[in-house]
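User: Hey, can you walk me through this one? I'd like to start with the strands.

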Amino acid sequence: MNISITARKTTVKDSFKERTAKKLAKFDRFFDDEASAVVTVTNERDRETVEVTIHSNGMIFRAEKTADDRLDALDGVVDVLFKQIVKNKSKLESRVRAKAFEDLMPDDMASEEDEAYELVKRKKFMVRAMEVDEAILQMNMLGHSFFLFENPDSGELNIVYRRKGGDYGLIEPSR
């Protein structure tokens with residue numbers, strides 16, 4: 001797995017890079033050599049945030065943890081990613097390495113059953129062409145956290161969404 005580490009408002013020592021590589025080596029059994037992991041370390045005040053995003057065969061796995069200590073945040077992020085992969089193992093088995101899940105189930109997760117996703121509501125609506133600002137306004141007027149619209153510049157469907165901090169994001173398809 002290719003690992004790249006980015007630091008925001010901080011510096012990253014070689015010891016942290018080595019520890020990160022050792023922790024992420026735990027995922028080598030799931031992914032081939034083409035997989036890539038992007039680790040972002042951010043320091044805000046006295047809080048350290050570690051975000052890990054793994055790209056493999058069109059799948060994206062992402063987790064983020066904030067803690068007082070950078071190493072604690074790294075441990076937490078690796079645990080969350082591992083639980084995500086194990087929880088969704090039946091759905092992922094066809095996309096990751098064969099036999100990656102044999103003898104993997106920890107004792108505390110053995111009791112969890114594979115849950116089926118339940119679709120509880122279906123909606124249809126007309127998708128209109130509009131600018132991003134208009135889509136954000138429409139989303140806010142509806143009281144939603146996201147809004148689907150057609151971008152008139154590209155002719156593609158885009159999604160605007162409200163981020164945790166209160167600002168906005170835009171999702172554009174790429175081929």
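**Sheets, helices and cores**

Analyst: Sure, and keep in mind that this is a predicted model. One open sheet has three strands in the order S5-S6-S7, with antiparallel pairing.

User: Which strands stand at the edges there?

Analyst: Those are S5 (146-150) and S7 (168-171). Each has a single partner strand, so one side of each has no neighbour in the sheet. On average, neighbouring strands in this sheet are turned by 20° against each other, ignoring direction.

User: How many bridges join S6 to S7?

Analyst: Four bridges join them, with S6 covering residues 157-162. To find the pairing in the model, look at Arg-162, which sits opposite Tyr-168 in S7.

User: OK, what about the loop between S5 and S6, which residue is found there?

Analyst: Asn-151 is found in that loop.

User: Is Asn-151 buried or exposed?

Analyst: Asn-151 counts as buried, because its relative accessibility is 9% and the cut-off for buried is under 20%.

User: What does the side chain of Asn-151 make a polar contact with?

Analyst: With the side chain of Asn-158, at 3.0 Å. Leaving out neighbours within four places in sequence, Asn-151 is in contact with Met-130, Glu-156, Asn-158 and Glu-172.

User: Switching topic: what's the order of strands in the sheet with four strands?

Analyst: The order is S1-S2-S3-S4, it's an open sheet, and the pairing is mixed. S1 (2-8) and S4 (59-67) are the edge strands, each pairing on one side only. Here the average turn between neighbouring strands is 15°, direction ignored.

User: Mixed how? Which way do S1 and S2 run?

Analyst: S1 and S2 run parallel and are joined by seven bridges. In that pair, Ile-5 stands opposite Val-39 in S2. S2 and S3 pair in the antiparallel sense over nine bridges, and so do S3 (residues 47-56) and S4, over nine bridges.

User: Any residue pairs I can click on for those?

Analyst: Try Ser-36, whose bridge partner in S3 is His-55. For S3 with S4, go to Val-52, which is opposite Ala-63 in S4.

User: How many residues lie between S2 and S3 in the hairpin?

Analyst: Two, and Arg-45 in that turn has a positive phi of about 55°.

User: And what do S1, H1 and S2 make together?

Analyst: They make a β-α-β unit, and it's left-handed.

User: Where does helix H2 lie?

Analyst: H2 (residues 70-87) lies across S2 (36-44), S3 and S4, and runs at about 145° to S4.

User: Which residues in the largest nonpolar core touch the most other members?

Analyst: Phe-27, Phe-31, Val-52, Ile-54 and Leu-81, out of 25 residues in that core. The elements giving two or more residues to this core are H1 (14-24), S2, S3, S4 and H2. H2 gives the most, with eight residues.

User: Why would nonpolar side chains be buried together?

Analyst: That's a general tendency in soluble globular proteins.

User: What does Leu-81 touch?

Analyst: Not counting residues up to four places away in sequence, Leu-81 touches Phe-27, Val-52, Ile-54, Phe-61, Arg-62 and Ala-63. There's also another core apart from that one, made of seven residues, including Met-130, Met-139, Phe-147 and Val-160.

User: Met-130 came up before, right?

Analyst: Yep, Met-130 is among the contacts of Asn-151.

Methods: Residues are numbered from 1 along each chain as its sequence is written. This is a predicted model: local features need pLDDT of at least 70, side-chain atom pairs count only at pLDDT 80 or more; totals for chains, interfaces and linings use all residues. Side-chain values use heavy atoms; hydrogens and water are left out. Two strands pair if DSSP finds at least two bridges between them. Axes are lines fitted to C-alpha atoms, for helices over the stretch in contact, and angles run from 0 to 180 degrees between N-to-C directions. Contact means heavy atoms within 4.5 Å. Buried means under 20% relative accessible area, exposed over 50%, partly exposed in between (1.4 Å probe, protein chains only). A polar contact is a pair of N or O atoms within 3.5 Å; within protein, one must be able to donate a hydrogen and the other to accept it, and residues adjacent in sequence count only if both atoms are side-chain atoms. A nonpolar core is a set of buried Ala, Val, Leu, Ile, Met, Phe, Trp, Tyr and Cys residues joined through side-chain atoms within 4.5 Å. A crossover is right-handed if, with the strands pointing away from the viewer, the path from the first strand over the helix to the second runs clockwise.
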